[in-house]
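Take a first look at the sequence and the fold below. Then read on for a short guided walk through them.

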Amino acid sequence: MALLEVKEIHKAFEGNEVLKGVNLTVNKGDVVSVLGPSGSGKTTLLRCINFLESADKGELIFDGSSYSLSQVTRAQIADIRKRTGFVFQNYNLFANKTAINNVTLGLTSARKVPVKEARQKAMEVLAKVGMAEYADYYPSQLSGGQQQRVAIARALATDPEIIYFDEPTSALDPQLTAEVLEVMRKLAKDGMTMIVVTHELSFAKEVSTHVVFMAGGKVVEEGSAAEFFDNPKETRTKEFLRLTEK
Ligand SMILES: Nc1ncnc2c1ncn2[C@@H]1O[C@H](COP(=O)(O)OP(=O)(O)OP(=O)(O)O)[C@@H](O)[C@H]1O
Ligand SMILES: [Mg+2]
């Protein structure tokens with residue numbers, strides 16, 4: 001059974017339809033890369049499935065339970081969010097909180113985990129992303145790559161069943177990108193289920209179990225990483241791969 005299924009999601013901004021019936025299936029342990037040109041709707045798709053944006057139409061099936069993407073209740077959103085993690089392009093850490101306090105926040109506030117236990121868990125996940133020794137640093141004292149690793153630790157702290165990443169390395173230079181991708185590679189190897197919107201084609205090729213290519217608000221082509229990269233079928237895919245080839 002799929003962990004997550006998205007069916008026929010539609011979303012328009014002021015009459016401009018940016019998602020035109022997108023379907024997505026993610027099985028447990030999958031790493032699904034979502035590729036596509038700028039403006040194709042990748043961020044909107046992630047935001048809709050995490051209810052940061054409300055879709056006009058569509059269904060989300062999470063672990064066997066079905067939710068309407070346009071008419072979900074606050075309680076349902078809270079339930080699903082407890083089981084998912086989100087990593088943003090620009091980290092979204094609280095500037096006035098140290099790394100460890102950014103990580104513990106979701107545990108102590110929404111989940112009422114006792115402080116001591118939360119700090120223990122935070123140190124465990126900070127160690128996992130190679131950031132244990134920076135636990136007491138503020139975001140401004142960390143590089144972009146280090147901040148992003150703290151953001152990944154924050155996502156991991158709540159033991160999510162799936163993590164959504166929206167271009168986690170696009171604000172980073174190549175050295176820092178490599179550090180973050182290394183952490184994600186490790187998560188993939190440990191069996192974490194992930195949806196990764198990325199422009200890092202070599203990473204997608206290496207790590208993905210499944211690739212989804214979007215253009216103009218639709219899925220144009222999808223398949224295994226090998227199929228997709230070595231034998232693309234659609235003209236738009238071939239063009240995208242040719243244009244983004246380094
Ligand atoms: N809040 C909004 N209000 C109006 N239009 C929006 C809004 N958010 C996104 N859009 C539009 O929706 C379309 C898809 O945007 P989206 O951010 O999902 O693309 P993307 O595939 O993530 O692009 P990129 O690769 O540049 O991040 C774009 O045309 C964008 O201008
Ligand atoms: Mg985007």
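The paragraphs that follow go from the overall fold to the domains, the ligand, the strands and two loop residues.

Start with the whole chain. This is a predicted model. The protein holds nine helices and ten strands. Its C-alpha atoms fill a box of roughly 55 × 45 × 35 Å along the principal axes. How does the radius of gyration agree with that of a compact globule? The protein has 18 Å, and a compact globule of 246 residues would have a value near 18 Å, so the two agree. Buried residues account for 41% of the 246. Now consider contacts between residues at least 6 apart in sequence. Of these, 64% link residues at least 24 apart.

Next come the domains. The protein splits into two parts. Domain 1 takes in residues 1–83 and 163–246. Domain 2 covers residues 92–160. Domain 1 is thus written as two stretches of sequence, with domain 2 numbered between them. The centres of the two domains, taken over C-alpha atoms, are 24 Å apart. Where they meet, ten residues of domain 1 contact eleven residues of domain 2. Which element gives the most to the domain 1 side? It is helix α6, residues 174–189, with four residues. That side of domain 1 has seven nonpolar residues and three charged ones, and no polar residues.

Turn now to the ligand. Which residues surround ligand 1? Phe 13 and Val 18 are two of them. Gly 36 is another. The run Ser 38, Gly 39, Ser 40, Gly 41, Lys 42, Thr 43 and Thr 44 completes the shell. Helix α1, residues 42–49, gives the most to this shell, with three residues. By class, the shell has seven polar residues, two nonpolar and one charged.

Strand β8 is a good place to look next. This strand spans residues 194–197. Are its residues buried or exposed? Met 194 and Val 196 point one way, Ile 195 and Val 197 point the other way, and all are buried. Strand β8 also has pairing partners. Strand β3, residues 31–35, runs parallel to β8 and is joined to it by four bridges. Strand β7, residues 162–166, pairs with β8 in the parallel sense too, again over four bridges. Val 196 appears in both pairings. It is the bridge partner of Ser 33. It is also the bridge partner of Phe 165.

Finish with two residues in loops. Phe 51 lies in the loop between α1 and β4, where β4 spans residues 57–62. Phe 51 is not a glycine, yet its phi is positive, at about 65°. Why is Phe 51 called partly exposed? It has 19 other C-beta atoms within 10 Å, and a residue counts as buried only at 20 or more, so Phe 51 stays below that cut-off.

The second residue is Asn 92. It sits in the loop between β6, residues 84–87, and α3, residues 99–108. Its phi is also positive, near 55°, in a residue other than glycine. Asn 92 is partly exposed too, with 13 other C-beta atoms within 10 Å. Exposed residues have 12 or fewer, so Asn 92 falls in the class between exposed and buried.

Note on methods:
Residues numbered from 1 in each chain as written. Chains lettered and ligands numbered in written order. Predicted model: local features only at pLDDT ≥ 70, side-chain atom pairs only at ≥ 80, totals over all residues. Rg over C-alpha atoms; globule rule 2.2 N^0.38 Å. Contact = placed C-beta atoms within 7 Å. Domains from an automatic or database assignment. Nonpolar A, V, L, I, M, F, W, Y, C, P; charged D, E, K, R; others polar. Near = placed C-beta within 6 Å. Pairing = 2+ DSSP bridges.
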